[in-house]
Amino acid sequence: MQELLAEIRGCTVCKAHLPLEPRPIVAGTINSKIILVSQAPGRKAHVENKAWDDPSGKKLREWLGVNEEVFYNPDNFAVLPMGFCYPGKGKTGDLPPRKECAPLWHSQVWEEFKNVKLILLIGKYSQDQYLGKQAKKNLTENVLHYKEYLPKYFLLPHPSPVNRFWRSKNPWFEEDVVGELQGLVAKILK
């Protein structure tokens, strides 16, 4: 597993399309219990070479009910974004993840995991990829019907501050869904 992750971290396939040098971010071990499948690292993650070390990560850890020590233990949580490198800035946030990464690397990484208990599909890109035709018409519907995808997947919006309007329009998520997520995560990590 670590050899594969080192190979991914050295990937330069989409170098010509990136605003910064490639710096793929991925983490995990064969024992990872919960897999975080999200969109792509942000600029801060790229600079610091550490996923989820920003306001989005703080919110995600809050939703999961875990501290940094638990979160950054790769036996607990693996980081497997749809795009491994920072894609650049768009009009309302970062650009979408590069399309090369998931087809090139995901299946190889999945073969290495031996102890997966839950896969968190964070945001629309990962949900579209992994749910396929089972996805609802939009992210809100996916998250609202998250129980339909259990026990394999738990669906989440992206925890970015940019999505605070989504969270304010959908208070049921933090009132009802987050508590269930925390209970499930605590049970898995026990």
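Is K15 buried, partly exposed or exposed, and what is its relative accessibility? In this predicted model, K15 has a relative accessibility of 43% and therefore counts as partly exposed, since the buried class ends under 20% and the exposed class begins over 50%. The side chain of K15 takes part in a salt bridge with E21, in which the closest N and O atoms are 3.6 Å apart, and E21 itself, at 53% relative accessibility, counts as exposed. This pair belongs to a set of eight salt bridges in the structure.

A further salt bridge is found within helix α3, which spans residues 55–64 and contains both E62 and K59. These two residues are three positions apart, about one turn of the helix, and their side chains meet with an N to O distance of 3.0 Å. The two partners fall into separate accessibility classes, E62 being partly exposed with a relative accessible area of 46%, whereas K59, at 18%, counts as buried. The pairing also forms part of a wider arrangement, in that K59, E62, R167 and E174 are linked in a network of salt bridges.

A salt bridge between loop residues is formed by K136 and E148, whose closest N and O atoms are 2.7 Å apart. K136 lies in the loop between α6 (124–131) and α7 (139–144), while E148 lies in the loop between α7 and β4 (153–156), so that the pair ties together parts that are twelve residues apart in sequence. With a relative accessibility of 28%, K136 counts as partly exposed.

How values were computed: Residues are numbered from 1 along each chain as its sequence is written. This is a predicted model: local features need pLDDT of at least 70, side-chain atom pairs count only at pLDDT 80 or more; totals for chains, interfaces and linings use all residues. Side-chain values use heavy atoms; hydrogens and water are left out. A salt bridge is a side-chain nitrogen of Lys or Arg within 4 Å of a carboxyl oxygen of Asp or Glu. Buried means under 20% relative accessible area, exposed over 50%, partly exposed in between (1.4 Å probe, protein chains only). Helices (H or I, at least four residues) and strands (E, at least two) are DSSP runs, numbered from the N terminus.
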